[in-house]
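Let's take a friendly walk through a metal site and one residue elsewhere in the chain. Have the model open as you read.

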Amino acid sequence: MVFYSPGRTTSYPSIPPEDGIRYHYLGGGNEVGNVGCVFEDPKGTKMLLDYGLAPTDPPKYPHEAPKIKDAVITHSHIDHLGMAPWLCSNHRTTLHGTSLTAKISQMMWNDCYKVSRLEGYPLAWDKRDIDIAISSWKTHDFGEIWEKDSWKLRLEKAGHIPGAAMLNVETDTHKLLFTGDFDSRDSQLVSGAKPEKCDILFVEGTYGGKEHPSKEQTIKQFVDRIVEVTDRGGTALIPAFANGRTQDMVMTLHKYLPELDVHVDGMGKHVAKLQMEHPETLRDPGALEDAWKWCRRVSSKSDKKKALDADCIVSTSGMMDGGPSIWYLNRLRMDPRNAIMFTGYQAEGSGGRMLIDEGCIPIWNKRTPIDLEVSQFSFSTHAGHSEIINFAEKCEAETVVIYHTDPNSARPPLVKDLESRGHVVHTPINGESVIIP
Ligand SMILES: [Zn+2]
Ligand SMILES: [Zn+2]
């Protein structure tokens, strides 16, 4: 349980730094997700980057934010914006981000609220705070320069998901670049992030120490497996996150297996509609529109039943924690010709993790053995180890701050490689202030 008492329990110092730039992670410094980072100059100009929560069971929350006028939200994943309603309601903070991020945020907050009710976990904000947060957005186009006191700020494309932004800040003394969650590789949905010159690079290190297999190889294995399943008369259930992965999977299937009958269910349908309203965020807007017209969107109970005869069902939740994917699994599990194909990382404690490790999954609270073929594919849109190192090099960053990372497994190999290339590397710890001269 978080008992925030606004202005009294924050770990953030009350006076500005004497010189340089101070940064201070409220969360996400030495962990994945749960991000909140305050940065400030000696004049007292300060800003918050992201304010999320980690949707683990039970969820994790960042430290309490100080009173702050402006926050930049890099993208619409819950680990980057989950606590924004608290911020807006208690501190009347303005949220800066792209307009697609702003549009999707409402859906993410509503869903987070719903899940907290269902699972019975506490949230530091309630439904009314969502309305305040929605009216707190000030949106910016990619490339647009705006000002905060003497700072100049700009959002640039981060790859990752549509609307995701990196934040570029020019203070009186430093050029800062925060990647948010980023990927320098293209996906079906978005173009990769482009490096740019900066003094201090704050880079996410989710995949430190890990190299992604080539996209072509992953797609080939994925396509081959689907062909195997459909050739034997089965249905492939493809659990996918609503925000990014669902659309990526539908586009991949449309491109490589256009002869198949593909049905799509879950919140990803609404996200796709919003993405298509923002073609400037997409790598190939026409390709998403074509794929979307081609697939069948499930919108009723009878559509759901029809989907059980499809070749593929793409559905939320991506980690099989409730949602329509559980409804489908409960019906598909009787026929061994069917298969489950995960499209991303399955977190500790998730239904998907249990299915992979133990061959069973909770269905309506009952631990149920599943006798279907299960396979896992990595369609991650986070930069892998080499992408992170190359990106930092091309940014010519003197200092690199690695955050959004596992401090034990992912960060040490990044520190080693970045230091050997001459960068000064910082390894932030939540709740501790650091000043870069
Ligand atoms: Zn994240
Ligand atoms: Zn993300």
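The four donor atoms around the zinc ion (ligand 2) subtend angles of 91 to 165°, so the arrangement is irregular; four donors count as tetrahedral if all angles lie between 85 and 135 degrees, and as square planar if opposite donors are over 155 degrees apart and all others between 65 and 115. The model is predicted, and local features need pLDDT of at least 70, side-chain atom pairs pLDDT 80 or more, while totals for chains, interfaces and linings use all residues. Residues are numbered from 1 along each chain as its sequence is written, chains are lettered from A and ligands numbered from 1 in the order written, and side-chain values use heavy atoms, without hydrogens and water.

The protein donors (N, O and S atoms within 2.8 Å of the metal, or 3.2 Å for Na, K and Ca) are His75 (NE2), His77 (ND1), His160 (NE2) and Asp181 (OD), 2.2 to 2.3 Å from the ion. Asp181 also bridges to the zinc ion (ligand 1), with 3.7 Å between the two ions.

Where do three of the residues stand in terms of burial (buried is under 20% relative accessible area, exposed over 50%, partly exposed in between; 1.4 Å probe, protein chains only)? The table shows them.

| Residue | Relative accessible area | Class |
|---|---|---|
| His75 | 0% | buried |
| His160 | 5% | buried |
| Thr235 | 4% | buried |

Thr235 touches, at heavy-atom distances within 4.5 Å, residues including Val229, Leu308, Asp311 and Arg337. The Thr235 side chain also reaches the backbone oxygen of Leu308 at 3.4 Å.

Key: Tetrahedral: all angles 85-135°; square planar, octahedral: opposite > 155°, others 65-115°. Polar contact = N/O pair within 3.5 Å; in protein donor to acceptor, adjacent residues only side chain to side chain. Lists of a residue's contacts leave out its neighbours within four places in sequence.
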